[in-house]
There are 2 protein chains.
Amino acid sequence: MPNARERVRAEITAEIADAARRQLAEVGAAGLSLRAVARELGMASSAVYRYVPSRDDLLTRLIIDAYDDLGAAAEAADPPGGPPRQRWLAVCRAVRGWAREHPHEYALLYGSPVPGYRAPAETVPPAARVGLVLGRILGDAARSGDLPEAAGERDPALISDDAVAILGGEHPALDEAVRVRALLAWSAVFGTISFELFGHLVGSVLDTDRWFDRAMGELAAGLGL
Amino acid sequence: MPNARERVRAEITAEIADAARRQLAEVGAAGLSLRAVARELGMASSAVYRYVPSRDDLLTRLIIDAYDDLGAAAEAADPPGGPPRQRWLAVCRAVRGWAREHPHEYALLYGSPVPGYRAPAETVPPAARVGLVLGRILGDAARSGDLPEAAGERDPALISDDAVAILGGEHPALDEAVRVRALLAWSAVFGTISFELFGHLVGSVLDTDRWFDRAMGELAAGLGL
DNA sequence: TCTCGACAAGAGCGGTGCTCTTGTCCTGGA
DNA sequence: TCCAGGACAAGAGCACCGCTCTTGTCGAGA
C-alpha cells in the first residue's frame, strides 16, 4: 500500500526527471544543472537532493529512459513477418528519426562518454534493445531461408556467445563472417546517424534523407537481406 | 623579426595549449578549465586571458591541432603506390591507433558536440584530411584499373561536387553507388572506432584488434578494394 | 630619460554541485 | 487525543567555474 507521503514523493521525483529531460533537450547533458531544475520547479536547490541522490544518478535515470524510448521506437517499427530487407530499413529509419527528434538524448547515449561518469550495470539491458531488434531480423531471415548457406565458421575468441545469441543465434546461414558484417552494420547505422547529427556530413551529403536510405540499403545488401 | 616580447608571448601561449591538452586527457572537453590551466602554469587565472581570448577559442585551437595530428598520422600511414586494399587497411589502423592513444581528443572531434560551442570555419580543412587520404586511395584504385567499370550515374542533388572531388573525382569506375558506399565506409570507420572507444562493443566483441581488421576488410571489399 | 604599453594579480559577478544546519509540519502509534 | 519522530524546505556555506574590471609594476622604444 503506497503511503500518501510515498505517493507525493514519487510524483515529485517524476517531475524532477521530466524537468531534467526538458533541460537536457535545451542545453545538453554537460549543461544539465540541478539548480536550474530546482528553479523550474520552484523549489530550493538543496531540496532536490532529497529526491535525487546526485547529478550522476539523475543522468543514469535519463540514460535508461532514453534507451528504453529508443528501443521501443525500434521495436514498434518492426512488425515481424515482413520481408527482412524492409524490416531492416524500417528499423533503421525509426532509429534515425528518434535520434533527430531527441538529438541531445542521442548524444547522451552514443556520443562522448560524460567525463567522470561511469554507466552502471542497469543501463545495459535497455541499451541492448535496438541490437536485439536488428539481430532478430537477421535471425528470422536465416531461419526463413532468405540467407545463403555459409561455412558455419565459429571463432569463440572473436565474438562473445551473448552477441552470437543476439545476432540470430546459431544457424547454418550465420557464420563468423556474417556476424562480423552484422556487428559492422550495427556500428555503421549509428556511425552514419552520429555523422549526420554531429555535423560531419555538412558540405558532403546534400540530401541526408535519401542518402541515409541508400546507405542502409547498402548495409542490408552486405548482410544478404 | 620577432620581438623578444612577441617570442615569449608565443611561448607562453604554446605552454597554455599544452597544459590544456594535458587537462583534456584527464577531465575531458567539458571539464576543461582555464583556471586549472592557470594553476598548473603558476599564474593567476585572469592572466591566461591575456593569451587566450576565451575558453571556446582555446577549444578551437585544440580541435585544429587534433585534426592535424590525426590527419598527419593517416597520411604517414599511406605511402602511395601499394595495393589499394593494403593502403586502406593501413590508414584505418592508423586512425584507430591515434584514437586509442588520444581518446579524449578523438571524443572532442567525433563525439558529442560541445554544448554552446560552434566550430568555426577554420576547423574544416584540417577535418577533411583523413577523408582526403581515404578518397585518394579510392581514386588511385579507379585510375589504376583495380575497380570494375560502373554505370557512371551522377546525382548532383545527393552528394556535393566537393565530396565527389575528394572521393576520387570523376571516373568511369566511380558512380553514385560507389560514392554512397565510400561515404558509408567513411562513416563506418569512425562508427566502429567510436563504438569501441565509447564502450558499446564491451561484452560483444572479445578481440577488438582482430575484429577491427576484419571489419575494415569487409568495408574494403564492399568498395571493391 | 621618460612615456606608454604589455603584463600579473586581485577582487568581484553570477553561475555550478553538493553539504550541513535549522526550523517546520505531518503522520502514525501510544 | 496527544505527542514523538521523521520527512521535508530552505538558507548558508564551501569550493569550483568563465569572465571582467581595476590597480599596480616593469621594461622596451622614442
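Which helix gives the largest share of the lining of the largest cavity? I looked that up before anything else. The largest share, five residues, comes from α10(A).

**Ground rules**

I note that this is a predicted model, where local features need pLDDT of at least 70, side-chain atom pairs count only at pLDDT 80 or more, and totals for chains, interfaces and linings use all residues. Residues are numbered from 1 along each chain as its sequence is written, chains are lettered from A and ligands numbered from 1 in the order in which they are written, and side-chain values use heavy atoms, with hydrogens and water left out.

**Chain A**

I went through the secondary structure of chain A. Chain A has eleven helices and zero strands. Helices are DSSP runs of H or I with at least four residues, strands are runs of E with at least two, and both are numbered from the N terminus. I then took the box along the principal axes. The C-alpha atoms of chain A fill roughly 65 × 50 × 35 Å.

**The two copies**

I superposed chain B on chain A, by least squares on the C-alpha atoms of residues with pLDDT of at least 70 in both. A rotation of 180° with 0.0 Å of shift along its axis does it, at an RMSD of 0.2 Å. That is the relation of a two-fold axis. The same surface serves both copies, as 98% of the contact residues of chain B recur in chain A. Contact here means heavy atoms within 4.5 Å.

**The largest cavity**

I went back to the cavity. The search runs on a 1 Å grid over the protein atoms alone, and a cavity is a set of points where a 1.4 Å probe fits but cannot get out. The count is one cavity of 30 Å³ or more. The largest cavity holds about 100 Å³ of space. A volume is the space filled by probe spheres set on the grid points, which are joined across faces, edges and corners.

I listed the lining, meaning residues with an atom within 4 Å of a point. The largest cavity has 15 lining residues, and A:F190, A:G191, A:S194, B:G191 and B:S194 lie nearest its centre. α10 (176–197) of chain A and α10 of chain B each supply at least two residues of this lining. By class, the lining divides into eight nonpolar, seven polar and no charged residues. Ala, Val, Leu, Ile, Met, Phe, Trp, Tyr, Cys and Pro count as nonpolar, Asp, Glu, Lys and Arg as charged, and the others, Gly among them, as polar.

**The second largest pocket**

I moved on to an open site. A pocket is an open set of points with protein on both sides within 12 Å along at least five of seven lines. The second largest pocket has a volume of about 1000 Å³. Its lining counts 36 residues, with A:G199, A:H200, B:Y67, B:V124 and B:A127 nearest the centre. Among the elements of chain B that give two or more residues to this lining are α4 (55–76) and α10 (176–197). Which helix gives the most to the lining of the second largest pocket? α8(B) does, with four residues. The lining has 25 nonpolar, nine polar and two charged residues.

**DNA strand D**

I checked what surrounds DNA strand D, taking a residue as near if one of its heavy atoms lies within 4 Å. There are 21 residues around strand D, and A:R9, B:S33, B:L34, B:R35 and B:R55 come nearest. Sugar and phosphate make up 51% of the strand D atoms that come within 4 Å of the protein. α2(B) supplies the largest share of this surface, four residues. The classes are eight nonpolar, six polar and seven charged.

I then looked for polar contacts with strand D, each a pair of N or O atoms within 3.5 Å. A backbone N or O atom of A:A44 lies 3.1 Å from a phosphate oxygen. A polar side-chain atom of A:Y51 also lies 3.1 Å from a phosphate oxygen. Where does A:R50 put a side-chain N or O atom? That atom is 3.2 Å from a base nitrogen of strand D.

**DNA strand C**

I repeated the search on DNA strand C. Of the 21 residues around strand C, A:S33, A:L34, A:R35, A:R55 and B:R9 come nearest. Sugar and phosphate account for 53% of the strand C atoms within 4 Å of the protein. A polar side-chain atom of A:Y49 lies 3.1 Å from a phosphate oxygen of strand C. For B:Y51, a polar side-chain atom lies 3.0 Å from a phosphate oxygen. B:S46 has a polar side-chain atom 3.0 Å from a base nitrogen. α2(A) gives the largest share of the surface near strand C, three residues.

Notes. Polar contact = N/O pair within 3.5 Å; in protein donor to acceptor, adjacent residues only side chain to side chain.
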